[in-house]
Amino acid sequence: MSKIVQALLVGMLVTFILDFFLFLGIFLNYINPLEIDLYYNILFADNQNIYIYTFFTLLFGYLVMYAKSFLSLSIISFFSLLALLTLITPVGKFLGEKLLKQENIELKTAKFSYHGDILYIGRTKVTFYDYKLDKILNLTKKNLQGLN
């Protein structure tokens, strides 16, 4: 196997592991406390950004295979620490809110109007906190107007 292919595979593996812990922290500290009906695999798969994943794959692959030095170990350790920090409740909750929550949104259906926060946009449902009702609602995505 050529060294370039090995670098890509190692970079993908390292990025995948760091991504796993990043989304695990969001799942445990943002999704679960809100009791959003969602599996980890769906959260992980639906919220991947291919450009960011590719960038970190190339970066980590290069660092592991070509730049074997203390600096490369330090960079990978730094990103590992950042990913593991999401397992701490306030950090995971904060990151989940920044990535997934949309505040002060108005959504409409044919009969009703809702004003509040979007907590999570899933494949078919939107988890929404309504200010008037002071309640978390699961709304069907296809019936909603005003959804970005």
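**Salt bridges, cores and a patch**

Tutor: Start with Lys101 and Asp117, a salt bridge whose closest N and O atoms lie 3.9 Å apart. The pair joins distant parts of the chain, 16 residues apart: Lys101 is in the loop between α5 and β1 (102–108), Asp117 in strand β2. The model is predicted: local features need pLDDT of at least 70, side-chain atom pairs count only at pLDDT 80 or more, and totals for chains, interfaces and linings use all residues. Residues are numbered from 1 along each chain as its sequence is written, and side-chain values use heavy atoms, with hydrogens and water left out.

Student: Why is the pair Lys101 and Asp117 called a salt bridge?

Tutor: The rule asks for a side-chain nitrogen of Lys or Arg within 4 Å of a carboxyl oxygen of Asp or Glu. Here the closest N and O atoms are 3.9 Å apart, so the pair qualifies. Side chains of opposite charge can pair when their charged atoms come close.

Student: What makes Lys101, Glu103 and Asp117 a network?

Tutor: Lys101 also forms a salt bridge with Glu103, at 3.8 Å between the closest N and O atoms. Salt bridges therefore link Lys101, Glu103 and Asp117.

Student: How do you know whether Asp117, Lys101 and Glu103 are buried or exposed?

Tutor: Buried means under 20% relative accessible area, exposed over 50%, and partly exposed in between (1.4 Å probe, protein chains only). Asp117 has 8%, so Asp117 is buried. Lys101 has 22%, so Lys101 is partly exposed. Glu103 has 55%, so Glu103 is exposed.

Student: How many salt bridges does the rule give?

Tutor: The count is 3. Among them is Arg123 with Asp46, closest N and O atoms 2.9 Å apart. This pair spans 77 residues, from the loop between β2 and β3 (125–130) to helix α2.

Student: Why is Arg123 called exposed, and Asp46 partly exposed?

Tutor: Arg123 has a relative accessible area of 54%, so Arg123 passes the exposed cut-off. Asp46 has 35%, so Asp46 falls in the partly exposed range.

Student: What makes a set of residues a nonpolar core?

Tutor: The residues must be buried Ala, Val, Leu, Ile, Met, Phe, Trp, Tyr or Cys, joined through side-chain atoms within 4.5 Å. The largest such core has 13 residues; Ile31, Leu43, Leu100 and Tyr120 have the most contacts inside it. Elements giving two or more residues to this core are α1, α2 (40–46) and β2 (113–121). Helix α1 gives the most, with 5 residues. A second, separate core of 9 residues includes Ile105, Leu107, Val126 and Leu137.

Student: Why is Asn29 called buried?

Tutor: Asn29 has a relative accessibility of 9%, so Asn29 is under the buried cut-off. Asn29 lies in helix α1 (residues 3–31).

Student: How do you know that the Asn29 side chain makes a polar contact with Thr86?

Tutor: A polar contact is a pair of N or O atoms within 3.5 Å; within protein, one must be able to donate a hydrogen and the other to accept it, and residues adjacent in sequence count only if both atoms are side-chain atoms. The backbone oxygen of Thr86 is 2.9 Å from a polar atom of the Asn29 side chain, so the distance fits. The Asn29 side chain also reaches the backbone oxygen of Leu87 at 3.5 Å.

Student: Why is Val91 called partly exposed?

Tutor: Val91 has a relative accessible area of 33%, so Val91 sits in the middle class. Val91 is found in helix α5 (residues 89–100).

Notes
Helices (H or I, at least four residues) and strands (E, at least two) are DSSP runs, numbered from the N terminus.
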